[in-house]
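Dear colleague,

Please find below the structure that I promised to hand over. I should be grateful if you would read the notes beneath it with the model open.

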Amino acid sequence: MEKVQTHMKYGLFTGIAMIVLGLILHVAGQSFQSWSQYVTYIPLLAGLILNAQAFAKANNHFVTFGNVFSSGFKACAIVTLIMLVWGVISLYIFPDMREKAMEIAEKSMTERGMSDDQIQDALEMTKKFFIPFMMGGILFSTMFYGAILSLIAAAIPKKMGNNQTPFDNNTPPEQFQH
């Protein structure tokens, strides 16, 4: 039997929640603090947990860990697409983000003891490929953390074992008719 899917709705809502939190952090001047990059993953975890619970419930808990993980990972892929689009749009809405990122990169390189020539070469390369680097960072980080958080979320909802039938939990048969 094909499973009822929930990842589209929860992926969309989670992506929007991450954008809203990112906007709040940016307006508050906190978006470039080292801790803020991790705070934006709180809505991702919450959205994946809600998706896992909704997926299990929509399928009368007749799901496996793998089914729930798969739904969460699909939701994460949708979040990633939303974040990629938002990343590009945000550079045009907030052009200061690119300059601030370059300042932080330059400061970091100086603190690591790089020479002025090395810093200038690295900054030129970063300026030239800023959008591809940004897109790669969003893609890798969101999918990487999303996979880990999907594993966590998949462990939460109640699941029936492989040897059980939907009727083993005294569930009325009419709930399983489509």
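The notes below take up the overall fold, the pocket and a surface patch in turn.

Please bear in mind that this is a predicted model. The secondary structure of the chain consists of seven helices and zero strands. Of the 178 residues in the chain, 34% are buried.

The largest pocket has a volume of about 1300 Å³. Two or more lining residues are given to this pocket by each of α1 (7-27), α2 (36-39), α4 (65-93), α5 (96-111) and α7. Helix α7 provides the largest share of the lining, namely eight residues. In total, 37 residues line the pocket, and those nearest its centre are Ser31, Phe32, Gln37, Met134 and Ile138. Sorted by class, the lining has 22 nonpolar residues, 14 polar residues and one charged residue.

On the surface, Tyr38, Phe140, Phe144, Tyr145, Ile148, Ile152 and Ile156 make a nonpolar patch of about 680 Å². Helix α7, which spans residues 130-154, gives the most to this patch, with five residues. Helix α7 therefore appears in both accounts: it gives the largest share of the pocket lining, and it gives the most to the nonpolar patch.

One patch residue may serve as an example. Ile152 is located in helix α7. Ile152 counts as partly exposed because its relative accessibility is 42%, and the partly exposed class lies between the limits of 20% and 50%.

With kind regards

Conventions. Residues numbered from 1 in each chain as written. Predicted model: local features only at pLDDT ≥ 70, side-chain atom pairs only at ≥ 80, totals over all residues. Heavy atoms only, no water. Patch = residues over 30% accessible without salt bridge, like charges linked within 9 Å, V, L, I, M, F, W, Y side chains within 5 Å. Areas by Shrake-Rupley, 256 points an atom, 1.4 Å probe, with all protein chains shown as cover. Salt bridge = Lys/Arg side-chain N within 4 Å of Asp/Glu carboxyl O. Helix = DSSP H or I, 4+ residues; strand = E, 2+ residues; numbered from the N terminus. Buried < 20%, exposed > 50% of the residue type's maximum accessible area, 1.4 Å probe, protein only. 1 Å grid on protein atoms, 1.4 Å probe; cavity = no way out; pocket = protein on both sides within 12 Å on 5 of 7 lines; lining within 4 Å. Points joined across faces, edges and corners; volume = space filled by probe spheres on them. Nonpolar A, V, L, I, M, F, W, Y, C, P; charged D, E, K, R; others polar.
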